[in-house]
Amino acid sequence: MNCDIDDMENQVEMEEKTRLINQVLELQHTLEDLSARVDAVKEENLKLKSENQVLGQYIENLMSASSVFQTTDTKSKRK
């Protein structure tokens with residue numbers, strides 16, 4: 001009878017270990033997925049920053065080439 005109780009306790013312990021191992025594996029997969037997502041977002045962020053720099057430079061070039069955005073000397077016009 002004592003042997004049956006020990007067997008039951010061992011079986012419960014093994015089931016608990018199996019459950020914990022499965023939970024750890026699931027968490028590892030979730031962490032891998034999240035890490036991959038973070039890497040993808042970082043990559044996209046760098047791409048967008050680069051595009052913003054190009055657009056910013058383009059806008060600056062357009063503004064400097066346009067007479068609308070040129071500074072005027074208001075003192076010489078008043079005299």
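**Figure 1. Burial and overall make-up of the chain.** Of the 79 residues in this chain, 0% count as buried. Keep in mind as you look around that this is a predicted model. The accessible surface adds up to about 7,900 Å², and carbon and sulfur atoms account for 58% of that area. As for secondary structure, the chain holds two helices and zero strands. One of these is helix H1, which covers residues 2–65, and the close-ups below visit several of its side chains.

**Figure 2. The salt bridge between glutamate 13 and lysine 17.** Searching the whole structure turns up two salt bridges, and this view shows one of them. Here glutamate 13 pairs with lysine 17, with 3.5 Å between the closest N and O atoms. How many residues apart are the two partners in helix H1? They are four residues apart, so about one helical turn separates glutamate 13 from lysine 17. Glutamate 13 counts as partly exposed because its relative accessibility is 43%. Lysine 17, at 42% relative accessibility, is partly exposed too.

**Figure 3. The salt bridge between arginine 19 and glutamate 16.** In this close-up, the side chains of arginine 19 and glutamate 16 meet at 2.7 Å, N to O. Side chains of opposite charge can pair when their charged atoms come close. Both residues belong to helix H1, where they sit three residues apart, or about one turn of the helix. Arginine 19 has a relative accessibility of 44% and therefore counts as partly exposed. With a relative accessible area of 35%, glutamate 16 is partly exposed as well.

**Figure 4. A patch of negative charge on the surface.** Which residues gather in this patch? The members are Asp4, Asp6, Asp7 and Glu9. If you would like a residue to start from, try glutamate 9, which is found in helix H1. The relative accessible area of glutamate 9 is 48%, so this residue is partly exposed.

**Figure 5. The stretch listed as a coiled-coil region.** An unreviewed UniProt entry lists residues 17–51 under "coiled-coil region". In the model, this span is 100% helix and 0% strand. The C-alpha atoms at the two ends of residues 17–51 are 51 Å apart. Lysine 17, the salt-bridge partner of glutamate 13, is the residue at which the listed region begins.

**Figure 6. A nonpolar patch on the surface.** Tyr58, Ile59, Leu62, Met63, Val68 and Phe69 together make a nonpolar surface patch of about 620 Å². Isoleucine 59, one of the residues in this patch, has its place in helix H1. Is isoleucine 59 buried or partly exposed? Its relative accessible area is 46%, so isoleucine 59 is partly exposed.

Key. Residues numbered from 1 in each chain as written. Predicted model: local features only at pLDDT ≥ 70, side-chain atom pairs only at ≥ 80, totals over all residues. Heavy atoms only, no water. Buried < 20%, exposed > 50% of the residue type's maximum accessible area, 1.4 Å probe, protein only. Areas by Shrake-Rupley, 256 points an atom, 1.4 Å probe, with all protein chains shown as cover. Salt bridge = Lys/Arg side-chain N within 4 Å of Asp/Glu carboxyl O. Patch = residues over 30% accessible without salt bridge, like charges linked within 9 Å, V, L, I, M, F, W, Y side chains within 5 Å. UniProt positions renumbered as here; feature names shortened; annotations may be inferred. Lys, Arg positive; Asp, Glu negative; His and termini not counted. Charge placed at Lys NZ, Arg CZ, Asp CG, Glu CD.
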